[in-house]
Amino acid sequence: MVPKDGNRAVKIMLSAGSRVTKSNYPVMRKAGAQARHVLLHTAAKHWDAPIEALHTENGFVLYDKTDQKISYGELVPFLEVPETLPDFQEDQLKDPKNFRLIGKDIPRYEIPEKVNGAAKFAIDLQLPDMLYGVLERGNLHGAKPVLQNESEILAMEGILKIVPFEYAIGIVATTLEQALAAKKQLKIDWSEATSTGYNSQDIFDEYEKVASQTKKGEVMPEIGNVQQAFRNPAKTYSADFKNDYVYHAQMEPLNSIVKVAEDGKSAEVWVGTQQGGDTKLGVPDLLGIPAKDVNVHLQYLGGGFGRRSMTDFVVECAALAKEMAPKPVKLMWTREDDMTYGAYRPLSLQRLTASTDSKGNITGLSHIVVAENGNLATSGVRNDYYDIPNQLVDWRETTHGIRLKHWRAVGHGPNKFAIECLLDDVAHDQKIDPVTLRRKLMSKSPRALATLEKAAEISEWDSTSIDGKAKGVAFLERSGTLSTGVCEISVDRNTGKINVHRFWSAIDAGVIVQPDNVKAQMEGGIIMGMSSVLKEQLTMVDGKVQQSNFDTYQLLRMEDIPDSIETAMIESNEPPQGVGESGTPLVACAIANAFLSLTGKRLRHLPFTPERVLEALNS
């Protein structure tokens, strides 16, 4: 993605969608080859030798004919870049069998500082003469405010400015404590909004009616002919799957610092961000200045998961800083701000219907998604690695005025939950082992099948679990990475608590650049998946978010962590793929399938709260 800034091409740094390694690997390999060519070119000129006779090794350029060698550092004073650099193609780059660093565990330099607390995040920064800003946004998304006590707030100690927004009231103060104290005293009349009257836990009855309508919504490219497959099936399977809203829960609260020049023609930004489609985070548009006049100082990212690919908190800060120029302003979102006026993974309902023939083969699969924002809600609906000849996806749009955003793995969590659970329904009904069923479906996808076989091997799938425990399996593709996960669970039938004892995953992510990073991503993704599946639930009553902090929005605790998480990486020479979002969506379906194996009961609604588990057990 290279938008234009005047006559200049602008490249975007984006840490989202598991794109970083996947996108930069070919770019960096080519850049490395070109840098090597510059060194060889320089040495050839320096020695008056043919470039074809030189080679590089361990930081040196060597000329075997004369036994000469020179280090890269020693070449710097003579460095000469040729007028045209070769446009190296894949077959001209280093053979993977000769890699010395790629595929090896190399310690990350910043980890010690992050562990001992020395690392500086945006929230830690203090600038000279810095002021503090906060916003009161209410918790009815889209409502407009009218402030009733402006003079009273301005009379409070340390309050310097009130800045109105269309959806909020901003306050700038000398200290953060003063700004927060004034925020508590605001008297605001809020308008109604699209979300007025919306109750998220009651909406599923309406969604079921939408799913039952004969009129289709937006149909994704259909494979084969599902209606024909459904005409004379040997058997049909159908089920509804539901999920509530999920909050990002990033560790570092949203914050940024913006300093606008006194003449308003330039600005500086300090922020931890995943960056977005706007190369300068929306600041140039707000200030009406060229992007080249905005200097962004990127800080460590204190957790993002998609939330920090939004630029709302930076734009808000810039609006406050514009009023206070040239003093820098630090905007702080409290945890309550972000939880009640955040942007969430959509609530949705998926209605899946599958048909089988007389031999038990799945001949058709229909997947209806009822949700807001199809870009977010339909991620993961494709089944490219299963040999199902007829497939149809139908997104039916709803609107409630709730702020939504990409959440780790986006729609893969809810949609793979539905797909993989329906497969286990078929296997359970036909008394087929779930791995055997998937083996058959993957017969034309050898790389996917390899992850299934490896996961079955390391989890000892064919061995019997001890009494009170059972295993579940799930497969998916996310960001190009193929993953099979297996978990082993038990259930407290008195409390409804699900305990995950062990989790295994096998992945094919192409070339593994840094194995320890991949393991860490899978482990973190699986634990985050467990948290969202077993604990996390955001609900709306009359359009207002009912949870405000981690006392009412539950997260996974240390006592809930599995005894072990094991990741097997399948060796591959294929280009690297994205891993960061691969582990999270494996969890819901693997747990639900293990629950089916253990109890014969089905879990259909995320999260699997103890109340919902008990309801399923008693059904």
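Phe-60 stands opposite Ser-71, a pairing that places Phe-60 across from strand S5 in this predicted model. Strand S4, covering residues 60–63, is joined to S5 by four bridges, and the two run antiparallel. Widen the view and S4 turns out to be part of an open sheet of three strands, ordered S3-S4-S5 with antiparallel pairing. Strand S3 (54–57) and strand S5 (68–71) are the edge strands, each pairing on one side only. From one strand to the next, the twist averages 25°. Helix H1, residues 20–47, packs on this sheet and touches S3, S4 and S5. The direction of H1 makes about 130° with that of S3.

Let's move along the chain to another hairpin, the one made by S13 and S14. Strand S13 (residues 255–260) and S14 run antiparallel, with five bridges joining them. Val-260 of this pair stands opposite Ala-267 in S14. Six residues lie between the two strands of the hairpin, where Gly-264 takes a positive phi near 70°. S14 also pairs with strand S15 (residues 294–298), again through five bridges, but here the strands run parallel. The bridge partner of Glu-268 in S15 is Asn-295. How many residues of strand S14 are buried? Four of the five residues in 267–271 are, so S14 is largely enclosed by the rest of the structure.

Next comes a glycine in a loop. Gly-342 sits between helix H10 (335–340) and strand S17 (348–356). Is Gly-342 buried or exposed? Its relative accessibility is 0%, so Gly-342 counts as buried. Setting aside residues up to four places away in sequence, Gly-342 touches His-141, Arg-307, Asp-337 and Arg-403. Leu-176 is 166 residues from Gly-342 along the chain, and their C-alpha atoms are separated by 21 Å.

Helix H14, residues 446–458, is a good place to check geometry. Its 13 residues reach 18 Å from the first C-alpha to the last, close to the 18 Å expected at 1.5 Å a residue. Ala-448, Thr-451, Leu-452, Ala-455, Ala-456 and Ile-458 are buried in H14. The buried residues of this helix pack against helix H13 (434–441) and against several strands, including S20 (470–478), S21 (481–491) and S22 (498–508). Just after H14, Glu-460 takes a positive phi of about 50°.

Now for the nonpolar interior. The largest nonpolar core has 69 residues, and those touching the most other members are Ile-498, Phe-503, Leu-534, Ile-591, Phe-595 and Phe-608. Helix H16 (residues 586–599) gives the most to this core, with nine residues. Beyond its neighbours within four places in sequence, Phe-503 is in contact with residues that include Val-486, Cys-487, Ile-526, Leu-586 and Ala-590. A second, separate core of 29 residues includes Leu-281, Ala-318, Ala-319 and Val-329.

Cys-487, one of the contacts of Phe-503, leads to a last topic. A disulfide is a covalent bond between the sulfur atoms of two cysteines. How many disulfides does the structure hold? It holds zero. For Cys-487, the closest cysteine sulfur is in Cys-589, 9.0 Å away, and that is too far for a bond because a disulfide needs the sulfur atoms within 2.5 Å. Cys-487 is buried, with a relative accessible area of 0%. Cys-317 also counts as buried, at 0% relative accessibility.

Definitions and conventions: Residues numbered from 1 in each chain as written. Predicted model: local features only at pLDDT ≥ 70, side-chain atom pairs only at ≥ 80, totals over all residues. Heavy atoms only, no water. Pairing = 2+ DSSP bridges. Axes fitted to C-alpha atoms, helices over the stretch in contact; angles between N-to-C directions. Contact = heavy atoms within 4.5 Å. Core = buried A, V, L, I, M, F, W, Y, C linked by side-chain atoms within 4.5 Å. Buried < 20%, exposed > 50% of the residue type's maximum accessible area, 1.4 Å probe, protein only. Expected span 1.5 Å × (residues − 1).
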